[in-house]
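Trainee: Please take me through one part of this model slowly, and state the criteria behind each term as you go.

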Amino acid sequence: MMKFSETIRRWMGWCPNAAMVSTSRRQYAAPDGEVGMAREGNRDVVEGALVDYGPIGTPGKLFILPVAAALLIGCLFVMAPAVGLFVLVIILAYSGMEIYGVMRRARVEVTPDTITITRPLFRPIVIPKDAVVKVEVKENKLPIPYWLLMGALAMIFLSAAGGIYYGLSNPTSMRFISGLGAAIFFPVIFYRTYVRTHYPQILTITTEKKIAAIYTGDPERMARTLGVAG
């Protein structure tokens with residue numbers, strides 16, 4: 001599986017580590033030998049971060065979403081096979097957005113009053129500092145064992161390959177479209193997770209209703225910028 005992911009990254013001309021290195025090289029020099037974060041007037045700016053933002057509990061529940069999506073897709077196919085192509089378009093659009101977001105990364109800007117997160121394809125997120133309930137630097141742990149995730153992906157690949165093979169005679173069939181959708185959707189989710197596992201720690205910024213999980217090379221320094229000891 002690792003060889004497969006390396007091959008994909010070579011085809012795309014990009015890999016997580018290389019992207020982080022290139023991002024660091026094109027940034028201005030940061031003090032104390034740290035990279036990825038710099039000072040611009042009264043602002044602290046982090047380039048090349050990955051950010052997950054959503055309702056409280058979202059980061060830990062990301063692994064539930066693929067399962068729920070698979071069940072939803074299955075139900076839609078059973079009730080109305082004609083919606084299969086529409087669901088496939090949604091999967092393609094979502095997958096494209098995820099890959100683009102990983103490649104382009106986000107920008108986090110900290111001023112005395114606000115935290116602004118600019119992500120590709122999304123409107124900027126502005127968090128007033130007085131709305132922040134908690135800022136933490138956490139160990140980056142997968143909610144499930146890595147081997148279990150790999151095993152699940154392998155099973156999904158086998159099932160998807162079977163669906164595509166046996167549905168080739170009718171590309172509009174439920175079997176073919178569901179197999180193709182799974183072959184696209186789940187590897188993207190796995191790749192999204194794989195890139196994030198390269199960060200030993202993450203910074204979480206919690207408000208009353210939302211949480212931002214920021215993956216960056218030096219979350220402790222960013223926490224200090226926000227007035228919290230790392």
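Mentor: Two strands are taken to pair if DSSP finds at least two bridges between them, and the strands themselves are DSSP runs (E, at least two residues) numbered from the N terminus. The model is predicted, with local features needing pLDDT of at least 70 and side-chain atom pairs pLDDT 80 or more, while totals for chains, interfaces and linings use all residues. Residues count from 1 along each chain as its sequence is written, and side-chain values use heavy atoms, without hydrogens and water.

The part I would choose is strand β8, residues 210-215, which is mostly covered, with five of its six residues buried (under 20% relative accessible area). On one pairing, strand β2, residues 43-55, runs antiparallel to β8 and is joined to β8 by six bridges; within β8, Ala 213 has Asp 52 standing opposite. In the other pairing, β7 and β8 also run antiparallel, here joined by four bridges, and Ile 211 of β8 has Thr 206 opposite. The link between β7 and β8 is a hairpin of three residues.

To follow the β7 side further, consider Thr 204, which lies in that strand, residues 201-206. Its relative accessibility is 4%, and therefore Thr 204 counts as buried. Once neighbours within four places in sequence are set aside, the contacts of Thr 204 (heavy atoms within 4.5 Å) are Ile 211, Ala 212 and Ala 213, together with Lys 134, Val 135, Glu 136 and Lys 138. Ala 213 thus appears twice in this picture, standing opposite Asp 52 and in contact with Thr 204, while Ile 211 stands opposite Thr 206 and is also in contact with Thr 204.

Methods. Buried means under 20% relative accessible area, exposed over 50%, partly exposed in between (1.4 Å probe, protein chains only).
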